[in-house]
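Work through the exercises below with the sequence and the coordinates at hand. Each task is followed by a solution in steps.

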Amino acid sequence: MKTPYFTVKDIIQITGITKRALHYYDKTDLLKPSKVEDNGYRYYDQEALGNLQMILLFKEMNFPLKDIAAMMQLSKEKQKDILREHRSTLVQRKQKLETIIGQLDEYVDGTDISHLNLFDDSSILSIRGQYESEAKFVYGDTEKYQEFEANVNQLSAEEQEQAYQQFSVNMEQVFRELVKHQDLSPVSDEVQALVGEWKSCLEQFMVCDTEILRCIAEAYTTDRRYAGYFDQFGDEGFLRFLHQAIMVYVEGG
């Protein structure tokens, strides 16, 4: 019959825990050896092994070691009460992870980051909300932005959402038409007419002067966040073509 005490090596073989972790638990008083020989060898009895298995269970459930230490002082019933409450937290986390995975799949499949709903249940602003905050920070003191903001504020939240969705659809239709005309010169009547439609989409919210249009065209080519959006329409050549077409329009050429 084997001894009722387990060596560190035995504990490692039984549980899969590392020697470093076991020594750390000893150092922090989370799990002390049942006895320590004069030569410094640590030994654990069956009760200590059972406690270690509970510690590993709590750790697998994402409890911090500080909380685990407190839980180990409680009765089994009180531990189960905490676990029941913790289960609700894990279910919420599972739902959040499923949302993240779904959004990840959409992004990988080509959905633009501005259309993702990743931060809906978060204190972090949505990507579109971040874009809006950035625009206000950069252009907030301009007359054109204040005009845009006043127009948007006249709409209800539902109307704003519908307007943004329609704006997105209209923009994508214009860009897809421009892709079909990419073999033409940016100065051609067909291309310039489509740029005019693009401007009309923008003017749903604001009057676009040449300065605003030039800034948007430059942002398309210099802000890397737009690269992922325009990838759905074509290669890098399309973005250069679009920029040229907008600049021709702006310069009246």
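**Exercise 1. A lysine in a helix**

In which helix is the place of Lys199? Determine also whether Lys199 is buried or exposed, and list its contacts beyond four places in sequence.

Solution. The model is a predicted one.
- Step 1: Lys199 belongs to helix H9, which spans residues 189-202.
- Step 2: The relative accessible area of Lys199 is 18%. The cut-off for buried is under 20%, so Lys199 counts as buried.
- Step 3: With neighbours within four places in sequence set aside, Lys199 contacts Cys208, Leu213 and Tyr249.
- Step 4: For a distance across the chain, take Ile246, which is 47 residues from Lys199 in sequence; their C-alpha atoms are separated by 9.3 Å.

**Exercise 2. Two partners of one helix**

Describe how H9 packs against helix H12 and against helix H8, giving the angle and the residues for each pair.

Solution. Packed helices are described by the angle between their axes and the distance between the axes.
- Step 1: For H9 and H12 (residues 236-250), the axes come within 10 Å and cross at roughly 85°. Angles of 65 to 115 degrees count as roughly perpendicular, so H9 is roughly perpendicular to H12.
- Step 2: On the H9 side, the residues are Val191, Gln192, Val195, Gly196, Trp198 and Lys199. They meet Phe241, Ala245, Ile246, Val248 and Tyr249 of H12. By class, this contact has 8 nonpolar, 2 polar and 1 charged residues.
- Step 3: For H8 (residues 157-180) and H9, the axes are 10 Å apart and the angle is about 170°. Angles over 145 degrees count as roughly antiparallel, and H8 and H9 are therefore roughly antiparallel to each other.
- Step 4: H8 contributes Phe167, Asn170, Met171, Val174, Phe175, Glu177 and Leu178. H9 contributes Val191, Leu194, Glu197, Trp198, Cys201 and Leu202. The classes here are 10 nonpolar, 1 polar and 2 charged.
- Step 5: Val191 and Trp198 of H9 appear in the contact with H12, and Val191 and Trp198 are also listed in the contact with H8.

**Exercise 3. The sheet**

What is the order of the strands in the sheet, and why is one side of S1 and of S2 left without a neighbour?

Solution.
- Step 1: The sheet is open, has 3 strands in the order S1-S3-S2, and its pairing is antiparallel.
- Step 2: Strands S1 (6-7) and S2 (35-36) are at the edges, and each has a single partner strand, so one side of each has no neighbour in the sheet.
- Step 3: S1 pairs with S3 (residues 42-44) over 2 bridges, in the antiparallel sense. Opposite Phe6 stands Tyr44 in S3.

**Exercise 4. Positive phi outside glycine**

Where do Asp29 and Asn62 lie, and what are their phi values?

Solution.
- Step 1: Asp29 is in the loop between helix H2 (19-27) and S2. Its phi is near 70°, a positive value in a residue other than glycine.
- Step 2: Asp29 has a relative accessible area of 56% and is exposed.
- Step 3: Asn62 is in the loop between helix H3 (46-60) and helix H4 (65-71). Asn62 is not a glycine either, and its phi is positive at about 70°.
- Step 4: Asn62 has a relative accessible area of 49% and is partly exposed. The cut-off for exposed is over 50%.

**Exercise 5. Two helix residues and their contacts**

Classify His86 and Thr15 by accessibility, and find their contacts beyond four places in sequence.

Solution.
- Step 1: His86 lies in helix H5 (residues 76-108). At a relative accessible area of 10%, His86 is buried.
- Step 2: Apart from residues up to four places away in sequence, His86 touches Met61 and Phe63.
- Step 3: Thr15 is in helix H1 (residues 8-15) and is partly exposed, with 23% relative accessibility.
- Step 4: Beyond its neighbours within four places, Thr15 contacts Leu49, Leu52 and Leu56. Thr15 and Gln53 are 38 residues apart in sequence, with 7.6 Å between their C-alpha atoms.

**Exercise 6. The whole chain**

How many helices and strands does the protein chain have, and what percentage of its residues is buried?

Solution.
- Step 1: The protein chain has 12 helices and 3 strands.
- Step 2: Of its 253 residues, 31% are buried.
- Step 3: The accessible surface comes to about 16700 Å², and 51% of it belongs to carbon and sulfur atoms.
- Step 4: Among contacts between residues at least 6 apart in sequence, 54% join residues at least 24 apart.

Technical notes
Residues numbered from 1 in each chain as written. Predicted model: local features only at pLDDT ≥ 70, side-chain atom pairs only at ≥ 80, totals over all residues. Heavy atoms only, no water. Helix = DSSP H or I, 4+ residues; strand = E, 2+ residues; numbered from the N terminus. Buried < 20%, exposed > 50% of the residue type's maximum accessible area, 1.4 Å probe, protein only. Contact = heavy atoms within 4.5 Å. Areas by Shrake-Rupley, 256 points an atom, 1.4 Å probe, with all protein chains shown as cover. Pairing = 2+ DSSP bridges. Axes fitted to C-alpha atoms, helices over the stretch in contact; angles between N-to-C directions. Parallel < 35°, antiparallel > 145°, perpendicular 65-115°, else oblique. Nonpolar A, V, L, I, M, F, W, Y, C, P; charged D, E, K, R; others polar.
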